[in-house]
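Reader: Hi! I'm in my first year and still learning to read models like this one. Could you pick one part, look at it closely, and then show me how to read the rest in the same way?

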Amino acid sequence: MAEIIAAAGNLSKEYQNTKALSNINFGLRRGDIYGLVGKNGAGKTTLLRILTGQAFLTAGSISLFGESSKEGLSKGRKRIGAIIEEPGFYSYMTARENLEYYRIQRGIPGKRCVQEALEEVGLVDTGNKKFQNFSLGMKQRLGLALALMNKPEILLLDEPINGLDPFGIVEIRNLLLKLNKEKKITILISSHILTELTNLVTCYGFIDRGELIKQLSEEELLKECGKYLEVKVDKAERMAALLETKLGCHAYKVTSDYSLHIFEYLNQPELISQMAVENGIGLRSIAPKEMNLEDYFMQLVGGKDDEAIYEK
Ligand SMILES: Nc1ncnc2c1ncn2[C@@H]1O[C@H](COP(=O)(O)OP(=O)(O)OP(=O)(O)O)[C@@H](O)[C@H]1O
């Protein structure tokens, strides 16, 4: 079993009138790339801020590297690198000058770490180019370089892929994979777009309205994103009742007033259609489908009230 190097136990956080996190239990294993997925406002940033000490928890506990005391947490935080808010880089400075500024400000000894961080993120050749002329991808990479300067064992990244074009996404993804494989850095990365994290994370945690509603591995996710029958009818709720009472089928999901996804009877669509017709349900169509990641996310957290899920 891999060592748990960051954990939360029954963690809750309230801001004045908002419950941002409710009874979160999770463990980050050494070597993992853990994807925290949730819509805007789900509580992702709050969780990361509590781990880095930028926000206080209201109830429950956290631990870092097995330590949960105040001193232990503050020691543990020195072994973490994070990008939570956009780092305030100076627009008129180069990549190297910006890192050097923060190195001095943070009291990190030796200039070597600046060079190494620039090498790690592929910004060593940007010379005199000023930050203001960087692409968004370059800016994100400089943020990563800053988080890497203290040689962290864990990287906490809040939506680092947000707003990047497809090329930028691939670039950051490859960089994170390299840091994980070659430097053995454990990564906790948040996103409101599930597909951004595919081919990157080893483990997913879905967060919705402050609750961690599901955790599963990449393999389990792909298994769950399986096949189903999409059934379009005139009354989905009545069809659902029939599935339960006539077939004892509970593996379905009502997706609108007029449609359902059925995860059983994949090879017997005629059984479903016959039952619908015999019971006076207007059947419009029945077709085998395969669930994609967005469908899965929508099924878990509901998507109607937040179009952001489908941003690309
Ligand atoms: N400083 C604060 N004061 C009051 N409420 C806050 C504060 N920070 C966050 N919240 C609220 O807590 C909830 C969780 O916010 P949080 O920023 O953690 O979500 P998120 O999943 O990171 O969303 P986003 O992707 O939009 O940043 C939201 O309802 C938010 O409005």
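Author: Let's start with how the pieces get their names: helices are DSSP runs of H or I with at least four residues, strands are DSSP runs of E with at least two, and both are numbered from the N terminus. Residues are numbered from 1 along each chain, as its sequence is written. Keep in mind that this is a predicted model, where local features need pLDDT of at least 70, side-chain atom pairs count only at pLDDT 80 or more, and totals for chains, interfaces and linings use all residues.

The part I'd pick is helix α1, residues 44–52. To talk about it we need one more bit of vocabulary: a residue is buried if 20 or more other C-beta atoms lie within 10 Å of its own, exposed if 12 or fewer do, and partly exposed in between, with the C-beta atoms placed from the backbone. Eight of the nine residues of α1 are buried, so the rest of the structure largely encloses this helix. The buried ones are Lys-44, Thr-45, Thr-46, Leu-47, Leu-48, Arg-49, Ile-50 and Leu-51. Take Leu-47, which sits in α1: it counts as buried because it has 29 C-beta neighbours inside 10 Å. Leu-47 and Ala-8 are 39 residues apart along the chain, and 9.1 Å separates their C-alpha atoms. Just past the helix you meet Gly-53, with a positive phi of about 85°.

Now for the ligand. Here a residue is near a molecule if its C-beta atom, placed from the backbone, lies within 6 Å of it. Around the ligand you find Tyr-15, Thr-18, Ala-20, Gly-38, Asn-40, Gly-41, Ala-42, Gly-43, Lys-44, Thr-45, Thr-46 and His-192. Our helix does well here: α1 gives three residues, the largest share of this shell. Both α1 and strand β2 (18–29) supply at least two residues each. By type, the shell has three nonpolar residues, eight polar ones and one charged. For that count, Ala, Val, Leu, Ile, Met, Phe, Trp, Tyr, Cys and Pro are nonpolar, Asp, Glu, Lys and Arg are charged, and the others, Gly among them, are polar.

Let's zoom out. The chain has 312 residues, and 36% of them are buried. Its secondary structure comes to 10 helices and 13 strands, and the C-alpha trace spans about 80 × 40 × 40 Å along its principal axes. An automatic or database domain assignment supplies the domain bounds, giving domain 1 (4–217) and domain 2 (227–290). Their centres, taken over C-alpha atoms, are 43 Å apart. Separately, an unreviewed UniProt entry lists "domain: ABC transporter" at residues 6–234; UniProt positions follow the numbering used here, feature names are shortened, and annotations may be inferred rather than shown by experiment. That span is 33% helix and 30% strand.

Another helix to try your new eye on is α8, residues 236–247. The expected span of a helix is 1.5 Å times one less than its number of residues; for the 12 residues of α8 that should be 16 Å, and the end C-alpha atoms are indeed 16 Å apart, so the two agree. Its buried residues are Ala-236, Met-239, Leu-242 and Leu-243. They cover an arc of only 110° around the axis (the arc of the directions from the axis to the C-beta atoms), which puts them on the same side of α8. Turned away from that side is a face with the exposed residues Glu-237, Ala-241, Glu-244 and Thr-245. Arg-238 is also in α8, and it counts as partly exposed because it has 14 C-beta neighbours inside 10 Å.

One last thing, back to phi. Most residues other than glycine have a negative phi. Arg-209 isn't a glycine, yet its phi is positive, about 45°, and it lies in the loop between β8 (203–208) and β9 (211–217). Tyr-265 isn't a glycine either, and has a positive phi of about 55°; its loop runs between β12 (259–262) and α9 (269–278).
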